[in-house]
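Colleague: Please take a close look at the lining of one pocket in this model, and then at what surrounds it. I would like the cut-offs stated along the way.

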Amino acid sequence: MGVFFISLCFVLAITPIVYNQDVEDLSACNVDLGFIIDESASMTESGYRQAIAFVEKIVSNFTLGPNHTRVSLMTFSTFPFPHFGFNDVQSTDFTSFKNYLATIPYLEGFTYTNQALDLARTTVFNKFNGDRPDYRSVAVVLTDGKSSSDISFVEEASSKLLNSAVKVLVVGVGSGVVQAELEAIAGDKFNIFSVSGNDQLNSLVEAILPPICKDIFMDLQCESYGFAAGFSLVGLSVKPQPYTIRFAGSGECGTFNANSSDNIYGGRLWMTSNYTDCGVEAYHSGDQIVFEKQIIVLYGKNESNLIYRHSAETYSVQCTLDRRLTEKLNINVKDIGTNPYLNGTSEFSLKMKVTKPGDDKEIQMVTINEPLEFQLDIVDAPNAVKTSPQDCYATRADGSGRYNLITDRCEDDETTAITSSKTAIHRFSWEMLAFRYFGNSNAVIIVCEVLICKNDDFADLSGECKRCGQTSNRKRRAVSDSLVLEKTTISSQPIFIIDLPNNPEQSSAQKDEGFLAKAEGISVIAVLVIVILGLGAFILMKKMVATSSHLMKKTLQVEGNVEKGVDNMAME
């Protein structure tokens, strides 16, 4: 079983790379390598010949053969044209391959990239045309401009190719390429290469060879609410089949495989989880909170209850977030108005921070019932603009369990108290006590619906642009009033409710309160119990003697037998 540890620090925004290290050098690299080359009019014939020379330069680094690397070639413009496939002689014999390139025609035309990608999936990377299912499949797409079809068609065609376990490397040439289209074709930011012109293509050869043979097997993406771990379909395809992927020690989040189509996109099978789900462990280290979970990939299947032949790899994924909540909420508000103080277009940054009352240090980890202060501010805004929070509420990390804190600009929770002035224009703040949801959620997210208003005369403000408690005799205006510049909903980072650890350094009062739980305290309790029992027995015996003496006196004073004397006593 292999064990891999993958960590991503959210503060530094570092994306980890895990390579599939099956191949140590190019001599041992055996792949099904298909080239898809743009020959549209914008390429020009000289640029096209340079692109073909680039293809030959790449292939010269591999050993071609039926049991080694096989190559295919397709060019495209108005229509895609497959020149040879993995079953043809040019695919496995370098001399034949080189001779074919020397005579290849240049057809010109438009740039229908989506048609080439579709044909590559259905015809080239097809087992009936020589594509080998137990070898890595890689397509190298070279283009110099924007596709003649809409980018949505390119995205759809590329997605289908990627999700059929074909790795796509894309080379963009010149200034006419569209970055969004390159990203759509490759499906992965690691698989995009760019040069300023066709004459610079040979400088890419050394850079493009390693990703042809090696794979970024797992891509870890950390967000404020959870993480996503994406496993390369190409990397998975060369492992023993079938494969299954699951979170370690947790059955609640399911098991995924090649048939989990809802989790497959961008050429990867994605495992996703909120930090409060799937048994994700959380702990804090200094000013950081760390979320960690293991993912297990099983290869092969069990054919007997007695033995097994499957193998497993374990990936420990880790996301690290800053506990201090630095600039967690950030929205842009644009105003194009006629107010003389707000001519033109202005942008304002609205921020929110969580602190302890009276302390400006931002926090993200708190204990239940701990006092908190929330502050909303427009930074560096003129006095001609004001904020007016309408509703603020809490939810679980998954968005469920709405609990109102501020409703219609006023408090709606018994522990919530607005602390900012009614006349404040840029800052809105309130205090409350931290709470925790029932269930296994240990995170709370605060959501606020905020209006950005023009700070006109008070009598002219609509009701929505006033703070709680501010009133006027004017009729309340609608939210669509021209004084309202923007209505925005913003959400905080998760606030984590933690349990305080046992503190060995207790105060003297705490130590005194804990004395009876110690051995000495138990001994004292035992002695006191014995003394109390002894005193009780003594008092009881004394009372019984007194009662007996009294009964004997009564009996002697009454004529008749003892029973009659007792009866008379009972009647008194």
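Modeller: The lining of the second largest pocket has 6 nonpolar, 4 polar and no charged residues. In this count Ala, Val, Leu, Ile, Met, Phe, Trp, Tyr, Cys and Pro are nonpolar, Asp, Glu, Lys and Arg are charged, and the others, Gly among them, are polar. The model is predicted, with local features needing pLDDT of at least 70 and side-chain atom pairs pLDDT 80 or more, while totals for chains, interfaces and linings use all residues. Residues are numbered from 1 along each chain as its sequence is written, and side-chain values use heavy atoms, with hydrogens and water left out.

The residues lining this pocket are Pro133, Asn163, Ser164, Ala165, Leu233, Ser237, Gln241, Tyr243, Ala258 and Ile264. Its space is about 170 Å³. Pockets and cavities are found on a 1 Å grid over the protein atoms alone: a pocket is an open set of points with protein on both sides within 12 Å along at least five of seven lines, a cavity is a set where a 1.4 Å probe fits but cannot get out, and lining residues have an atom within 4 Å of a point. Points are joined across faces, edges and corners, and a volume is the space filled by probe spheres set on them.

The largest pocket holds about 220 Å³. It is lined by 13 residues, and Asp131, Pro133, Ser137, Ser164 and Ala165 are the closest to its centre. Pro133, Ser164 and Ala165 thus belong to the linings of both pockets. By class, the lining of the largest pocket has 5 nonpolar, 4 polar and 4 charged residues. In this part of the sequence, Arg132 lies over the face of Tyr135, at 3.7 Å from the ring centre. A charge sits over a ring if NZ of Lys or CZ of Arg is within 6 Å of the ring centre and within 35 degrees of the ring normal. Arg402 lies over the face of Tyr393, also at 3.7 Å from the ring centre.

Closed spaces come next. There are 4 cavities of 30 Å³ or more, and the largest cavity has about 120 Å³. Of the 14 residues lining the largest cavity, Lys167, Asp188, Asn191, Ser232 and Gly267 lie nearest its centre. The elements giving two or more residues to this lining are β7 and β9 (215-222), and β7 gives the most, with 3 residues. Helices (H or I, at least four residues) and strands (E, at least two) are DSSP runs, numbered from the N terminus. The lining of the largest cavity has 6 nonpolar, 4 polar and 4 charged residues.

Strand β7 (166-173) also meets helix α6, whose buried residues pack against it and against α4 (113-124), β6 (136-143), α5 (151-162) and β8 (192-195). Contact here means heavy atoms within 4.5 Å. In α6 (residues 179-186), the buried residues are Glu181, Leu182, Ala184, Ile185 and Ala186. Buried means under 20% relative accessible area, exposed over 50% and partly exposed in between, with a 1.4 Å probe and protein chains only. Gly187, just after α6, takes a positive phi of about 70 degrees.

Another place to inspect is the loop between β3 (31-38) and α1 (45-59), where Ser40 sits. Ser40 counts as buried because its relative accessibility is 1%. Leaving out residues up to four places away in sequence, Ser40 touches Phe76, Ser77, Tyr106, Glu108, Gly109, Phe110, Thr111 and Asp144. The C-alpha atoms of Ser40 and Gly145 are separated by 9.0 Å, although the two are 105 residues apart along the chain. Ala41 is found in that loop too, but at 40% relative accessibility Ala41 counts as partly exposed. With the same exclusion, Ala41 touches Tyr106, Glu108 and Gly109.

For the whole chain, the secondary structure comes to 11 helices and 29 strands. Buried residues make up 46% of the 572 residues. Among contacts between residues at least 6 apart in sequence, 70% join residues at least 24 apart.
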